[in-house]
Amino acid sequence: MDIIRELGSSRKYTLHSHTQFCDGHAPMEDFVTAAIRDGFTHYGFSPHSPIPIESPCNMSLEAVPLYLAEVERLRRLYGDHIRLYAAMEIDWLGPEWGPANDYFQSLPLDYRIGSVHFIPDKSGRYIDVDGSAERFARNMVESFDDDIDYVVTTFYEHSIDMLRAGGFDIIGHFDKIGQNASAYCPGIEDSAMYRSLVNRLLDEIILRKPIVEINTKAKTLHGRIFPSERYIPALIDAGVPLIVNSDAHWPDLINASRDYAFSLIESYKKVND
Ligand SMILES: [Zn+2]
Ligand SMILES: [Zn+2]
């Protein structure tokens, strides 16, 4: 599916959202009615994929057919008003478990988002690095020997591995670790070590040109978008396709801060035309 072509010139969409099937806070239908009310033209569901480790945020394998059936039901009900997509935000847990795997490729999804939320500790056990700053700080002590360099390096190396393995259309919030890493170690994003890691990932993105989302979920609460404003010019200059996703977990937030991201893209393009 050519997502960019499907969206056309519409700005009323999100292709990244969560519902009762994972850690979202409302049933799928509530998001659809909110989207129609808000004049959305396209809406994509992207539950956190099943994973082979314990996680309260990810959907179970058994729930996948129910999820797909619910998208079908909603399409029948609302398909005249909005284009609905069945997608998934698929976790990369190393070469054994990621978007490219046969299971995820065999699912009848309209598109796939690839994201890194978990990285292995030094014994290979996968630990969530995407949760709250408090939990991250706890995990730093309990699982990562206080080694923030290890954590950010592993996050970006896994992101590069995921890109190389492919099997997805959109790379999710590609510098998300910056939020928790900065809370834990202020200024780390300005360090040469951190910047060279992001630059390595950027090189890989520019080479492969997946769709990059600008994820606005944390803008209101934490004042951040993913990727950070500082990386967006390089993506635009390289012709990487960009979309703006709200990553909504609540129906009221489906359009939150998306206008900010669009105006950022536009003002850069205007100056550099
Ligand atoms: Zn995510
Ligand atoms: Zn998400």
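**Group meeting: the zinc site and its surroundings**

Okay, let's start with the metal: along the chain, the donors of the zinc ion (ligand 1) are spaced E-x27-H-x55-H. Keep in mind that this is a predicted model. The residues behind that pattern are E89, through OE, and H117 and H173, each through NE2, with distances of 2.1 to 2.2 Å. There's a second zinc ion too, ligand 2, and it sits 3.3 Å from ligand 1, with E89 coordinating both.

So where do these donors come from? Take E89 and H173: E89 is in strand β3, residues 83–91, while H173 is in the loop between β7 (170–171) and α7, and the two are 84 residues apart. That pair links distant parts of the chain. And are they buried or exposed? E89 and H173 are both buried.

Now, since E89 brought us to β3, let's look at its neighbours. Strand β3 runs parallel to β2, and four bridges join them. If you want a spot to click on, F45 stands opposite A86 in β3. To get from β2 to β3 the chain goes through helix α3, residues 64–78, in a right-handed β-α-β crossover.

On to β1, residues 13–14, which also runs parallel to β2, joined by two bridges. Here T14 has Y43 as its bridge partner in β2. The route from β1 to β2 goes through helix α2, residues 28–37, and that β-α-β crossover is right-handed as well.

What about the faces of β2 itself, residues 42–45? In a regular strand, side chains alternate between the two faces of the sheet. In β2 both faces are covered: H42 and G44 are buried on one side, Y43 and F45 on the other.

Let me finish with a few loops. S191 is in the loop between α7 (177–184) and α8 (192–208). Its side chain has a polar atom 2.7 Å from the backbone oxygen of I188. S191 counts as partly exposed, because its relative accessibility is 23%.

Next, the backbone oddities. F226 and P227 are joined by a cis peptide bond, with omega at about 0°, and P227 lies in the loop between α9 (219–222) and α10 (232–237).

Then there's the loop between β9 (242–245) and α11 (258–271), where you'll find D247. D247 isn't a glycine, yet it has a positive phi of about 50°. It counts as buried because its relative accessibility is 3%, and buried here means under 20%. S257 is in the loop between β9 and α11 too, and although not a glycine, S257 has a positive phi of about 65°.

Technical notes. Residues numbered from 1 in each chain as written. Chains lettered and ligands numbered in written order. Predicted model: local features only at pLDDT ≥ 70, side-chain atom pairs only at ≥ 80, totals over all residues. Heavy atoms only, no water. Buried < 20%, exposed > 50% of the residue type's maximum accessible area, 1.4 Å probe, protein only. Polar contact = N/O pair within 3.5 Å; in protein donor to acceptor, adjacent residues only side chain to side chain. Donors = N, O, S within 2.8 Å, 3.2 Å for Na, K, Ca; no water. Pairing = 2+ DSSP bridges. Right-handed = clockwise from strand over helix to strand, strands pointing away.
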